[in-house]
Amino acid sequence: MARGSKPRGALAVVAPLAFLAICLLGWWATTSATGIEAWRLPSPAAVAARAVQLAHNPQTWSRAAVTGGEALAGCAIGTAVALPLAYVVYRSRLVSAAVEPFLGATQALPAIAIAPIVVLWTGYGPLSVALLCALMVFFPILVSSVVGLRHIDPELLEAAALDGASGATMALTMELPLAAHSILGGLRNGFTLSVTGAVVGEMVMGGTGLGQVLVQMRTNVDTAGMFVVIALLCLMATVLYAVIYRVERSRRYDTTR
């Protein structure tokens, strides 16, 4: 394997499993050797037992569906706004000069600070949570898409222009496909952030998803349950990440082959 290349084959499977096993062993050793209270740090066995209990509770999955739906809705809204704006920033020097100085500052805004303002605008409910998710995914998608568009080889575009491509034809057949790798990378990072946005939104703005489950478990000092819910949220984000990653690495879009 070349230096700096992505792990492939058995290594891509064995390495993360080995790392997970080491983390679990260290976790077990910590709880066994230190005698730390279970409400501070439950043992892996206690978390596994709580996971079985929650898995048999239908409400766990219905609440996970609510959080997942809010995250996906936010992704759709954020993407629908970010991609056209990215193309306008790429095409227009005026828009680029006006917008880009503010991108860094907007990405630094924490979701928990934006949530109360979103509530004032839209009220409580799934829509406000979805809008918070959209704000979180908007900027990573926008920035990554602009970078990808700007790194297109100018000679390819000049050749396409000589063949008669222009306007929408140039965008759909040349510019966006050539920048697809970066655009999908932005979608991958943005979509995983949407799960965080949904949970933060539910914890601050209310709702019926996993964010509220975490609030209830914190109140009940159900630390093992909180570990289970956090693991479920990680799984949801990982699934979104993996799906877009597979599309990004497909033969159609992977430029590293």
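This is a short tour of the chain, from the overall fold to single residues.

**Whole chain**

Start with everything shown as cartoon. The model is predicted. Its secondary structure comes to 11 helices and 0 strands. Read along the sequence, the pattern is α-α-α-α-α-α-α-α-α-α-α. Along the principal axes, the C-alpha trace spans about 70 × 55 × 30 Å.

Now switch on the surface. The chain exposes about 14800 Å², and carbon and sulfur atoms supply 69% of that area. Of the 257 residues, 38% are buried. Among contacts between residues at least 6 apart in sequence, 73% join residues at least 24 apart.

**Helix α1**

Select residues 10–34, which are helix α1. Val 14 lies in this helix. Then add Val 13, Leu 17, Leu 20 and Leu 24 to Val 14: together they form a nonpolar patch on the surface. Their combined accessible area is about 450 Å².

**The core**

In soluble globular proteins, nonpolar side chains tend to be buried together. Here, the largest nonpolar core has 57 residues. Helix α6, residues 126–150, gives the largest share of this core, with 11 residues.

Which residues have the most contacts inside the core? Select Leu 210 and Leu 233. Centre on Leu 233 and show its partners beyond four places in sequence: Thr 67, Val 195, Val 199, Leu 210 and Leu 214. Leu 210 thus appears twice here, as a residue with the most core contacts and as a contact of Leu 233.

**Helix α9**

Select residues 180–205 for helix α9. The helix has 26 residues. Put a distance between its first and last C-alpha: the helix reaches 35 Å, close to the 38 Å expected at 1.5 Å a residue. Is α9 enclosed or open? Of its 26 residues, 20 are buried, so α9 is largely enclosed by the rest of the structure.

Step just past the end of α9 to Gly 206. Check the backbone there: Gly 206 takes a positive phi of about 85°.

**Asp 222**

Finish in the loop between α10 (210–219) and α11 (223–248), where Asp 222 is placed. Is Asp 222 buried or exposed? Its relative accessibility is 17%. The cut-off for buried is under 20%, so Asp 222 counts as buried. Show what surrounds this side of the loop. Leaving aside neighbours within four places in sequence, Asp 222 is in contact with Arg 50 and Met 217.

Key: Residues are numbered from 1 along each chain as its sequence is written. This is a predicted model: local features need pLDDT of at least 70, side-chain atom pairs count only at pLDDT 80 or more; totals for chains, interfaces and linings use all residues. Side-chain values use heavy atoms; hydrogens and water are left out. A nonpolar core is a set of buried Ala, Val, Leu, Ile, Met, Phe, Trp, Tyr and Cys residues joined through side-chain atoms within 4.5 Å. Buried means under 20% relative accessible area, exposed over 50%, partly exposed in between (1.4 Å probe, protein chains only). Helices (H or I, at least four residues) and strands (E, at least two) are DSSP runs, numbered from the N terminus. Contact means heavy atoms within 4.5 Å. The expected span of a helix is 1.5 Å times one less than its number of residues. Patches are made of residues with over 30% relative accessible area and no salt bridge: like charges are joined within 9 Å, nonpolar side chains (Val, Leu, Ile, Met, Phe, Trp, Tyr) within 5 Å. Accessible areas come from the Shrake-Rupley method with a 1.4 Å probe; for residues, only the protein chains shown count as cover. A salt bridge is a side-chain nitrogen of Lys or Arg within 4 Å of a carboxyl oxygen of Asp or Glu.
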